[in-house]
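Biologist: I should like to go through this model with you. May I begin with some general questions?

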Amino acid sequence: MKLSEEAKKTLEFGKQNGLDKIHLYPPSQTREMMKHAFDEQNKTKVENVIDENIGLDNIPVRIYVPQGREIFPVISYFHGGGFTLMSLDSHDEICRKICNSSKAIIMSVGYRLAPENPYPAGPLDCLNATKWMIENAHKYNGNAEKLALAGDSAGGYMAFWVAQRLSKQGIDLKAQFATYPVTDHYSANHNSWEENKDGYLLTAEMMKWFWDNFTTDSDQIEEASPLRSEDFSGQPPTMIFTCHFDPLRDEGKAYAIKLIESGVETHYKNFPNIHGFFGTNEMGMEAMEMACKFLHDKLYS
């Protein structure tokens, strides 16, 4: 399979903005460099955007309310960034688009980042924020009985990690969506890690850096890898996207296979693109539309 012209443009944009070198600097410096890399000139309009600090840990969240006066379903969204980078601001436009297209309240979670806050700090923030929203959705015209999880890359990891634990606590979800998710530690040596180790922005070296920031205790690797869970039953209907030219491709596909083998309704698609394409250009907007339709249909069924 060859890189499409669209994928080449995504690759060029990333290189021009230094996204292929983000692991070569201290995380704090990289975060500062990236603050304005994803500024949107014309933001998608929603009815309301509310910034809150919630729960006992004052977790920062940004809540997007769609236009209308009805009671809306709710989606917890978790941003990507290799457990180490990105923020509520970097994923503001993605959340606005999903809010409008899925007709759902979006709670974007500003979870704690590694290496300052290694596993399980970030995932626990995502779990606790979601449980907070279940108790407080009514304050925003939301219906917590119609709840989904979503995320990209490390945010996809967060969605799966949270969903597994909510299931064990008897909390049912209507759906979950993840695009190019992290699901397994690099020690698993999935084939795509070698096949796509260089040249496509997210390299194997970079992904190892992210994981080493995140899991500072080697005894936690098994627990920290959603794909290594012994039980995939009870998971909600799921949609997973991967990229052909991505070290994470095979572990995302493997997660889809685990769900299917456990009898979970699962929709999987591999796009001929590179990591980070979601919501950009023609292929990325196609993926956005597919995800939003899936979430809308499950939340309103």
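Biologist: How much area does the protein chain expose, and what share of it do carbon and sulfur atoms supply?
Modeller: This is a predicted model. The protein chain exposes about 13000 Å², and 47% of that area comes from carbon and sulfur atoms.

Biologist: What percentage of the residues count as buried?
Modeller: Of the 301 residues, 55% count as buried.

Biologist: What is the radius of gyration, and what would a compact globule have?
Modeller: The radius of gyration is 18 Å, which agrees with the value near 19 Å for a compact globule of 301 residues. The C-alpha trace spans about 50 × 45 × 35 Å along its principal axes.

Biologist: How many helices and strands are there?
Modeller: The chain has 10 helices and 8 strands. Among contacts with a separation of 6 or more, 77% join residues 24 or more positions apart.

Biologist: Turning to the interior, which residues touch the most other members of the largest nonpolar core?
Modeller: That core holds 50 residues, and those touching the most other members are Ile-63, Phe-78, Phe-83, Met-107, Val-109, Tyr-157 and Met-207. Elements that each supply at least two residues include β2 (59-65), β3 (72-78), β4 (105-109) and α7 (204-214). The largest share, 8 residues, comes from α5.

Biologist: What does Met-207 touch?
Modeller: Leaving aside residues up to four places away in sequence, Met-207 touches Phe-83, Val-182, Trp-193, Leu-202 and Leu-248. There is also a second, separate core of 29 residues, with Ala-104, Ala-150, Ala-287 and Phe-294 among them.

Biologist: Now helix α3. Why is it described as largely enclosed?
Modeller: Helix α3 covers residues 92-102, and 8 of its 11 residues are buried, so the rest of the structure largely encloses it.

Biologist: Which residues are those, and what do they pack against?
Modeller: The buried residues of α3 are Asp-92, Glu-93, Ile-94, Cys-95, Arg-96, Ile-98, Cys-99 and Ser-102. They pack against β1 (48-54), β2, β3, β4 and α10 (281-299). Just after α3, Lys-103 has a positive phi of about 55 degrees.

Biologist: One more residue: where is Gln-235, and is it buried or exposed?
Modeller: Gln-235 lies in the loop between α8 (221-224) and β7 (238-245). Its relative accessibility is 8%, so Gln-235 counts as buried.

Biologist: What does Gln-235 touch?
Modeller: Apart from residues up to four places away in sequence, Gln-235 touches Ala-163, Gln-164, Ser-167, Gln-176, Leu-259 and Val-264.

Conventions. Residues numbered from 1 in each chain as written. Predicted model: local features only at pLDDT ≥ 70, side-chain atom pairs only at ≥ 80, totals over all residues. Heavy atoms only, no water. Core = buried A, V, L, I, M, F, W, Y, C linked by side-chain atoms within 4.5 Å. Buried < 20%, exposed > 50% of the residue type's maximum accessible area, 1.4 Å probe, protein only. Helix = DSSP H or I, 4+ residues; strand = E, 2+ residues; numbered from the N terminus. Contact = heavy atoms within 4.5 Å. Rg over C-alpha atoms; globule rule 2.2 N^0.38 Å. Areas by Shrake-Rupley, 256 points an atom, 1.4 Å probe, with all protein chains shown as cover.
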